[in-house]
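Me: I am new to this structure and would like to learn how to read it feature by feature. Could you take me through it slowly, giving the idea and then the case?

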Amino acid sequence: MNRIAVLCLAVSSFMAAQQQMSLSECEEAFQKNNLQLLAAQYNISEAEADIIQAKIWDLPNLSVELNAYDPENDKVLHIGSTGAKEFGIDQLLVLGGKRKNEVAFAKSNKEIAELQFKGLVIDLRAQLRNTFYSIIFDEKKQENIDLQLKYITNLLNAYESQNKKGNVSLKDVVRLQSLVIGLQSDKTEISNNIIQEKQTLKLLTGSQTEIEPLISGEELEQLFNRQPLTSLQELQQKALENNTNYLTFIKITESSQLNLKWQKSLNIPDLTVGARYTQRGAAFDNQIAVSFGIPIPLWKKNKGNEMKAEYQIEESKKDEARQKEELISQVTASYKVWDNQYQQYYTLQPHDFKNMDLVFNGIVTNFQRGNVSLIEFTDFMESYKQSILHIYDMKKQIMLSAEQLNQLVQTKIFY
């Protein structure tokens, strides 16, 4: 097999080991395949089972009493027509709205489970989108570093060859070597980030193969030009209305109050009613009687749990207030970070980026013609590399801070 065939086989194997996916396709795979989501759904089913359990009545109790030994007739288990038998059935009737209160508490727990699941979906989807965008911009940084590295490496090889012939000094070779080492170090760091990000994306989507994010330049440009639909104060209000983590804390407070109501109702005694048939040994033969039984409420038998429920209400109220403050603070900080990054990026005009490319091409051309010294060339290349990396980092941070705002407010805030 010749070298071209081997190269083609390696390329085809690499392409088979990964798949290109758009953001919407990644989100669809995430909804279907993410194991953490699939496992979390069972929390809702468990809460539903608690509701079913709370609605179930206590089973009736059947009792049977038979004559074990008849001393008059010297018979064991004398249970015939002249023997003695007694049958009874009792049913516990729950009073004070205990069952209704328990069902209400169980339903509130299900609502909490649903909110927690929704919050998990939002958090994991935000992580997926952040990872998706991070890969895109890190790969763009890697592509630019590769172009610079290819050119400088070729130049270094040429200088090393000329150095052996005595045409250039060793310090010029070392200067180029330092530039190559810096580029290789940056490439290694960026490549390691991409490897970790792609593994995260693969895990989030439940994909069996590596994913290559796919997005058009027009779509990216539209995302950069997004502006918030509302002011900071309105964003804070929308977050309080829609953020599932905060709504979960509100629901926990409501659930704690329902729990207290249920615990108070448990102090109310329950009634036991029954019917009993006695063949012999009662006031009359073949007697049928009814029975009623209820505990004497001399003290609150559930006082400790009632006190515990009251403390839980106070605790949940404090947690709710703390979460409200944190949410408002997070929205404020995220908005300011996004606005700061957005304003900084757009202080650079489109022609500034074109000028950088023009200057780069001009420096390279003039260096090849001998109009630019090696020191000037290497200094420019180092500055150019840092500028390009900073620009892509600025773009990435704009996208990530916008996603952070979306995650907190959880409603459409950009147009």
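Me: Which residues does alanine 402 touch, not counting residues up to four places away in sequence?

Reply: Contact here means heavy atoms within 4.5 Å. In this predicted model, alanine 402 touches Arg226, Trp338 and Phe414 once residues up to four places away in sequence are set aside. Alanine 402 itself is found in helix α11.

Me: Is alanine 402 buried or exposed?

Reply: The label depends on relative accessible area, and buried means under 20%. Alanine 402 has a relative accessible area of 2%, and is therefore buried. For a sense of distance, the C-alpha atoms of alanine 402 and lysine 171 are separated by 47 Å, and these two residues are 231 residues apart along the chain.

Me: How should I read serine 387, which is found in helix α11?

Reply: Between the buried limit of 20% and the exposed limit of 50%, a residue is called partly exposed. Serine 387 has a relative accessibility of 29%, so it counts as partly exposed. In space, serine 387 and methionine 356 are 9.1 Å apart, C-alpha to C-alpha, while in sequence they are 31 residues apart.

Me: At what angle do helix α5 and helix α11 pack, and how far apart are their axes?

Reply: Angles under 35 degrees count as roughly parallel. Helix α5, residues 170–205, and helix α11, residues 374–409, pack at an angle of about 10°, and their axes are 10 Å apart. The two helices, α5 and α11, are therefore roughly parallel to each other. On the α5 side the residues that meet α11 include Leu176, Leu179, Leu183 and Ile190, and on the α11 side their counterparts include Leu374, Met381, Lys385 and Leu389. Sorted by class, the contact of α5 with α11 has eight nonpolar, three polar and five charged residues.

Me: What is unusual about the phi of glutamine 410?

Reply: Most residues other than glycine have a negative phi. Glutamine 410, although it is not a glycine, has a positive phi of about 60°. Glutamine 410 lies in the segment after α11, and because its relative accessible area is 18%, glutamine 410 is buried.

Me: Which polar contacts does the side chain of threonine 332 make?

Reply: For such a contact, look for a pair of N or O atoms within 3.5 Å. The side chains of threonine 332 and glutamine 236 are joined by a polar contact of 2.7 Å, and the side chain of threonine 332 also reaches the backbone oxygen of isoleucine 328 at 2.8 Å. Leaving aside neighbours within four places in sequence, threonine 332 is in contact with Leu232 and Gln236. Threonine 332 is found in helix α9, residues 303–345, and it counts as buried because its relative accessibility is 17%.

Me: In what order do the strands of the open sheet lie, and which are the edge strands?

Reply: To read a sheet, follow its strands from one edge to the other. Here four strands form an open sheet in the order β2-β5-β7-β8, with antiparallel pairing. The edge strands are β2 (61–66) and β8 (287–293), each of which pairs on one side only, and the twist from one strand to the next averages 15°. Between β2 and strand β5 (residues 85–93), which run antiparallel, there are six bridges, and glutamate 65 stands opposite glutamate 86 in β5.

Note on methods
Residues numbered from 1 in each chain as written. Predicted model: local features only at pLDDT ≥ 70, side-chain atom pairs only at ≥ 80, totals over all residues. Heavy atoms only, no water. Pairing = 2+ DSSP bridges. Axes fitted to C-alpha atoms, helices over the stretch in contact; angles between N-to-C directions. Parallel < 35°, antiparallel > 145°, perpendicular 65-115°, else oblique. Nonpolar A, V, L, I, M, F, W, Y, C, P; charged D, E, K, R; others polar. Buried < 20%, exposed > 50% of the residue type's maximum accessible area, 1.4 Å probe, protein only. Polar contact = N/O pair within 3.5 Å; in protein donor to acceptor, adjacent residues only side chain to side chain.
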